Amino acid sequence: MNDIAYLNGEFIKRDQAKVSIEDRGFQFGDSIYEVIKLYDGQLFALERHLHRMLKGINRIDINFNYNLEELKKICKQVIKKNQDYPKSKSGSLYIQITRGAAPRSHEFTSDLEPTIIMYLLPTKKYSQALRKEGAAAITMPDRRWELCSVKSTNLLPNILSKQEAKEKGVIEALFVADNKKITEGSSSNVFIVNEGVVKTHPATDDILNGITRSIILDLDYHDFVVREEKFSLNDLYDADEVFITSTTKEVLGIVEIDDKKINNGRVGPITQKIHQKFKNYLNEYLD
Ligand SMILES: *Cc1c(COP(=O)(O)O)cnc(C)c1O
């Protein structure tokens, strides 16, 4: 099976979609990306993702002329072109925009043609058992740069941390900045619950402001509050509950960190309530 990719205005078979060796995305990681989840063939939170992407493009000065509506149309066309493939039902749409191809040189000019790529990814499966029982994580130093708010493809610190997590048999590496403050995971945002208050790092340049994270902050809750507030490594270890969020993971309980049990190794009630609220929002969105 060969699905259809979008490359600079054309729809072609994914294994035939090629970019130049001089592309700055390949040479320097000079590019931005998005992963948008499909539920029953529908792109969830499409506008939020595209809005974040356009902000990132603007932040790093890529010469890009598409607006939100034009991008939305292309995204939907990619799904349509692939409607016979299972990935177009429950996979994810991957988008990457690079600054474009040019003879290799660190500095760039403002006239480059950006490279635009879109194609479907299969979904990573998180089993019901894992959702129910929760997952384990480790902490690692946050070795990233000072503009983590940009979803750039410069992911070397992220991938090396995730690989270490995998080798230790856990699901995620949670980043500790300046030896004390928890920022986020290698590809997820992290929340703690402390005496009925749910906290996640504020949306500064120290974290990537996840769409899942921002939806959770936007929802209304009755018996607890969710707010943006910094917390320490000790707060993380001592938390009543910990969970991580991302487009593919949704809300996932973390019950063990660095071999220390959280909530006696069980997914907590507030984590479950927030995940349920998120799923309700998702179902309303898709209706
Ligand atoms: C993409 C990403 C997330 C999660 O963001 P979502 O929009 O919810 O998928 C969190 N942290 C990092 C570093 C990311 O790259």
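These are my notebook entries on the two domains, the ligand and the salt bridges of this model.

**Ground rules.** I am working with a predicted model, where local features need pLDDT of at least 70 and side-chain atom pairs count only at pLDDT 80 or more, while totals for chains, interfaces and linings use all residues. I number residues from 1 along each chain as its sequence is written, and side-chain values use heavy atoms, with hydrogens and water left out.

**Domains.** I looked up the division first: domain 1 covers 4–122 and domain 2 covers 128–286, with bounds from an automatic or database domain assignment. Taken over C-alpha atoms, their centres lie 26 Å apart.

**The interface.** I find 24 residues of domain 1 in contact with 22 residues of domain 2, contact being heavy atoms within 4.5 Å. About 2,000 Å² is buried between the two domains, and carbon and sulfur atoms give 60% of that; the value is the accessible area (1.4 Å probe) that two parts lose on being put together, summed over both. On the domain 1 side, Tyr33, Phe44 and Arg48 lose the most area to domain 2, together 35% of what that side buries.

**Polar links across it.** I count 11 residue pairs in polar contact between domain 1 and domain 2, both residues at pLDDT 80 or more. For such a contact, a pair of N or O atoms must be within 3.5 Å; within protein, one must be able to donate a hydrogen and the other to accept it, and residues adjacent in sequence count only if both atoms are side-chain atoms. The rule also gives 1 salt bridge across this interface, that is, a side-chain nitrogen of Lys or Arg within 4 Å of a carboxyl oxygen of Asp or Glu. I also noted the salt bridge between the side chains of Arg48 and Asp218, at 3.0 Å from N to O.

**Ligand.** Which residues come nearest to the ligand? Of the 17 around it, they are Lys151, Glu184, Ile211, Thr212 and Thr247, with a residue counted as near if one of its heavy atoms lies within 4 Å. I then checked side-chain N or O atoms against ligand oxygen atoms: Thr247 has one at 2.6 Å and Tyr33 one at 3.4 Å. For Lys151, a polar side-chain atom lies 2.7 Å from a ligand oxygen. Happily, Tyr33 is a residue I had already met among those losing the most area in domain 1.

**Salt bridges overall.** My last lookup gave 18 salt bridges in the structure. One entry worth jotting down is Arg14 with Asp3, whose closest N and O atoms are 3.0 Å apart.
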